[in-house]
Amino acid sequence: MIFTCPICKNECSCTREDEPRFKAQKLECDICYSAIVKKRYRPINKHGGVTIFSPINSALGDAVVERVVRERYKRDNPDERIVDIALCDADEAVRVYKPDKFFWASTTQFMNRPKTFKVVNYSVPVEATWLAKEGFYPAWPHGKEDFVDVGTGRFAVLNFRNIVKCTWKNAEPFLVNVVLIELNKYVESGIIDKAVLVGNDVRDSAVYWPEWIDDRYRQLSTEQIAGLCARSKIFIGKDCGIAHLAAAAGARNMIVWGYTEKQWIVKTHPGRFTALMKQNSTVSSLRAAIKDRMEKIDDLFKMDAIQQTVALGVAQQRAGNY
Ligand SMILES: [Zn+2]
């Protein structure tokens with residue numbers, strides 16, 4: 001069957017087998033179809049019904065993005081008992097929990113769907129994209145106990161993906177060098193004091209690392225990394241789960257390059273984020289993005305300075321009053 005998706009207007013095709021599914025989706029393609037945000041699921045008519053969510057991939061990005069979808073579902077369906085299953089036999093989960101609904105995430109790729117229950121499929125990044133259109137973004141909690149002292153408040157956070165088992169996704173050393181050469185200018189001019197390297201992969205030996213790099217690879221918890229990203233003046237990295245974490249933690253000034261799929265671009269407040277698709281991840285575009293974002297740092301500093309002045313003024317007023 002050939003059809004036009006009413007959302008993206010793209011011409012799509014599907015097999016005869018998939019026809020009933022697409023008709024049920026009102027001919028929306030899989031890139032546009034949203035089950036949870038658009039509430040296209042069978043409502044539970046009885047109080048306290050049970051809904052199961054399939055486990056998701058353990059990858060950090062998947063976890064950050066999926067969390068916002070699941071929280072949104074819980075908010076919309078407060079009377080339901082929601083069961084987050086771990087890796088198990090899905091049919092056994094159906095037998096034990098007797099669900100009314102069973103949501104199956106696009107990032108559940110390591111276990112088989114139940115044969116005894118019809119799941120509702122949902123695409124994690126597509127749902128999150130719909131939520132972002134509403135201004136509903138992932139958030140990742142972190143607190144004072146996660147504070148990591150790096151000796152200055154003026155720092156960049158860098159994450160250059162370098163994972164042995166999946167080399168094609170890794171940060172290209174020549175682009176890492178471009179980032180370091182550009183940042184060096186801002187270290188020399190005193191705009192930032194250092195850059196903190198985060199991640200749980202390995203530091204690339206093909207890269208020349210300047211002395212203002214504060215290497216915290218494999219030393220920090222997820223929450224500690226979140227706290228650092230939230231306080232950073234700029235976050236720069238290759239497409240990786242840490243970027244999702246950084247945005248969800250509240251990073252205000254970010255550049256991420258190397259995206260292969262638009263739907264996985266980090267969801268955050270407009271203006272905070274520069275995304276470079278893989279085909280546009282060139283030396284010149286990365287340089288331009290860094291220049292543009294570093295100019296924004298001045299605004300961030302001004303904002304911080306104004307906030308400090310206001311806070312100081314209030315403190316002085318109080319001191320005068322009492
Ligand atoms: Zn579409």
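A nonpolar core is a set of buried Ala, Val, Leu, Ile, Met, Phe, Trp, Tyr and Cys residues joined through C-beta atoms within 7 Å. A residue is buried if 20 or more other C-beta atoms lie within 10 Å of its own, exposed if 12 or fewer, and partly exposed in between, with C-beta atoms placed from the backbone. With that in hand, let us start at the core. The largest nonpolar core holds 72 residues, and Ala156, Val157, Cys229, Leu245, Ala246 and Met254 touch the most other members. Helix H7 (residues 241–249) gives the most to this core, with seven residues. Because domain 1 (49–133) and domain 2 (145–310) both give residues to the core, it lies between them.

A word on what you are looking at. This is a predicted model, in which local features need pLDDT of at least 70 and side-chain atom pairs count only at pLDDT 80 or more, while totals for chains, interfaces and linings use all residues. Residues are numbered from 1 along each chain as its sequence is written. The predictor's confidence in each residue is its pLDDT, from 0 to 100; the mean for the protein is 89, and 93% of its residues reach 70 or more. Residues 314–322 are a stretch to treat with care: pLDDT stays under 50 there, and the model has zero contacts for them beyond four places in sequence. Where pLDDT is low, the predicted coordinates should not be read in detail. Two residues count as in contact if their C-beta atoms, placed from the backbone, lie within 7 Å.

Now step back to the whole protein. Its C-alpha atoms fill a box of roughly 65 × 60 × 35 Å, taken along the principal axes. There are eight helices and 12 strands; helices (H or I, at least four residues) and strands (E, at least two) are DSSP runs, numbered from the N terminus. Of the 322 residues, 35% count as buried. Among contacts with a separation of 6 or more, residues 24 or more positions apart account for 61%.

How do the two domains meet? Their bounds come from an automatic or database domain assignment, and their centres, taken over C-alpha atoms, are separated by 31 Å. Across the boundary, 10 residues of domain 1 are in contact with eight residues of domain 2. On the domain 1 side, helix H2 (60–76) and helix H4 (124–133) each supply at least two of the touching residues, and H4 gives the most, with five. That side divides into eight nonpolar, two polar and no charged residues. Here Ala, Val, Leu, Ile, Met, Phe, Trp, Tyr, Cys and Pro count as nonpolar, Asp, Glu, Lys and Arg as charged, and the others, Gly among them, as polar.

H2 deserves a look along its length. Its 17 residues reach 25 Å from first C-alpha to last, close to the 24 Å expected at 1.5 Å a residue, where the expected span is 1.5 Å times one less than the number of residues. Its buried residues include Val64, Val65, Val68, Val69 and Tyr73. Strand E5 (101–105), H4 and H7 are among the elements that cover them.

Back in domain 2, follow helix H6 (residues 222–231), in which Ile225, Ala226, Gly227, Leu228 and Cys229 are buried. Their cover includes strand E7 (155–159), strand E8 (194–197), strand E10 (234–238) and H7. Ala246 touches Val157, Cys229, Phe235, Ala251 and Met254, not counting residues up to four places away in sequence.

Two residues in strands give a finer view. Trp257 lies in strand E11 (residues 254–259) and is buried, with 25 other C-beta atoms within 10 Å. Leaving out residues up to four places away in sequence, Trp257 touches Leu175, Lys238, Leu276, Ser281 and Leu286. Its C-alpha is separated by 5.9 Å from that of Asp239, 18 residues apart along the chain. Ala275, found in strand E12 (residues 273–277), counts as partly exposed, with 19 C-beta neighbours inside 10 Å. Ala275 and Ile265 are 10 residues apart in sequence and 6.9 Å apart in space, C-alpha to C-alpha.

Finally, turn to a loop. Lys9 is found between strand E1 (2–4) and strand E2 (11–13). Lys9 has a positive phi of about 65 degrees although it is not a glycine, and it is exposed, with 9 other C-beta atoms within 10 Å.
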